[in-house]
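Visitor: I have just started learning about protein structures. Please pick a single part of this model, take a close look at it with me, and then show me how it fits with its surroundings.

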Amino acid sequence: MANAVVLLSGGLDSTTALAICREAGFVPHALSFRYGQRHLVELEAAVRVAKAFDVAEHLISEIDLRRFGGSALTAGIAVPKDRDAEAMGEGIPITYVPARNTVFLSFALAWAEVLAANDIFIGVNALDYSGYPDCRPEYIAAFERMANLATAAGVEGRQHLRIHAPLMTMTKAEIIRRGSALGVDYGLTSSCYDPAADGRPCGHCDACLLRAKGFAEAGLVDPLRQRFAEPS
């Protein structure tokens with residue numbers, strides 16, 4: 001079984017990508033980041049998910065994107081709340097972290113070379129309303145081309161790297177159905193941009209609204225909402 005590196009944020013999409021990686025027969029090595037995000041709830045979720053999937057190894061790498069600022073996820077900028085689909089579809093939101101996926105994929109590329117792995121999985125999606133520039137098909141294709149020129153293993157012909165973005169053209173509902181069919185427990189994950197300290201989602205940020213819409217369209221109940229449901 002071949003090794004693969006999976007970028008694991010602890011969110012719904014990256015967890016589904018991990019499940020798809022495992023179903024495809026790869027030995028997953030999960031890579032997460034403490035990158036200066038304002039909360040660590042999603043990183044705590046990544047630890048839970050990695051344990052649940054019994055990955056071969058789970059690395060948490062430390063970098064500090066706070067030094068550059070420019071994002072509501074790393075700086076003292078308000079997270080947008082209660083936006084409708086039209087508002088979400090206008091431009092690139094302030095929750096975009098400059099060059100984040102490029103940084104993450106570069107770390108994954110380095111680890112893949114050491115593992116002699118030809119495959120990296122990332123849970124980016126181009127159909128969300130987010131409009132993030134580093135979630136587009138042309139970006140992933142360009143990074144893959146670059147990656148095969150960037151390592152000793154690639155230049156020497158020992159590695160031909162493939163960037164897998166299996167969720168790229170799926171709706172959130174399709175992603176949820178796919179993951180549910182693979183046995184993903186979405187109650188382990190966290191999507192919220194502005195969660196409480198105990199992990200309770202705010203229910204109002206773009207990520208929460210898109211997640212809720214996805215579960216509703218999939219005809220399923222979000223187990224994370226059940227986890228934080230008020231006792232009757």
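Guide: We will look closely at strand E2, starting with the whole chain and ending with the enclosed space that E2 helps to line. The model is a predicted one, in which local features need pLDDT of at least 70 and side-chain atom pairs count only at pLDDT 80 or more, while totals for chains, interfaces and linings use all residues. Residues are numbered from 1 along each chain as its sequence is written, and side-chain values use heavy atoms, with hydrogens and water left out.

Let's get our bearings first. The chain has nine helices and five strands (DSSP runs, numbered from the N terminus: H or I of at least four residues for helices, E of at least two for strands). From one end of the sequence to the other, they follow the pattern β-α-β-α-β-α-α-β-α-α-β-α-α-α. The C-alpha trace spans about 60 × 35 × 30 Å along its principal axes. Of the 232 residues in the chain, 49% are buried (under 20% relative accessible area; exposed is over 50%, partly exposed in between, with a 1.4 Å probe and protein chains only).

Now find E2 itself, which covers residues 27–34. Six of the eight residues of E2 are buried, and this strand is mostly covered.

Who are its partners? One is strand E1, residues 3–7. E1 and E2 run parallel and are joined by five bridges (two strands pair if DSSP finds at least two bridges between them). You can trace this pairing residue by residue: Val5 of E1 stands opposite His29 in E2, and Val6 has Ala30 as its bridge partner in E2. The other partner to look for is strand E3, residues 57–62, which pairs with E2 in the parallel sense over six bridges. Here Ala30 turns up again, as the bridge partner of His58 in E3. Ala30 therefore makes a handy landmark, with bridge partners Val6 and His58.

As you look along these strands, one general idea may help. In a regular strand the side chains alternate between the two faces of the sheet.

Let's follow the chain into E2 and out of it again. Helix H1, residues 12–23, joins E1 and E2 to make a right-handed β-α-β unit (with the strands pointing away from the viewer, the path from the first strand over the helix to the second runs clockwise). After E2, helix H2 and strand E3 complete another β-α-β unit, and that one is right-handed as well. Pause at Ala50, which sits in helix H2. Ala50 counts as buried because its relative accessibility is 5%. From Ala50 back to our landmark Ala30 it is 20 residues in sequence, yet their C-alpha atoms are 6.9 Å apart in space.

E1 deserves a second glance too. It also pairs in the parallel sense with strand E4, residues 119–121, over three bridges. Val5, which we met opposite His29 in E2, has Ile120 as its bridge partner in E4. Four of the five residues of E1 are buried, so E1 is largely enclosed by the rest of the structure.

Finally, let's visit the enclosed space. There is one cavity of 30 Å³ or more (a set of points, on a 1 Å grid over the protein atoms alone, where a 1.4 Å probe fits but cannot get out). The largest cavity has a volume of about 900 Å³, which is the space filled by probe spheres set on points joined across faces, edges and corners. Of the 43 residues that line this cavity (those with an atom within 4 Å of a point), Ser9, Asp13, Glu42, Arg100 and Tyr193 are the closest to its centre. E2 supplies at least two of the lining residues, as do H1, H2 (41–53), helix H4 (100–115) and H8. H8 gives the most, with four residues. By type, the lining of this cavity divides into 21 nonpolar, 13 polar and nine charged residues (Ala, Val, Leu, Ile, Met, Phe, Trp, Tyr, Cys and Pro count as nonpolar, Asp, Glu, Lys and Arg as charged, and the others, Gly among them, as polar).

So our strand E2 is paired with E1, paired with E3, and part of the lining of the largest cavity.

Methods: On a 1 Å grid over the protein atoms alone, a cavity is a set of points where a 1.4 Å probe fits but cannot get out, and a pocket is an open set with protein on both sides within 12 Å along at least five of seven lines; lining residues have an atom within 4 Å of a point.
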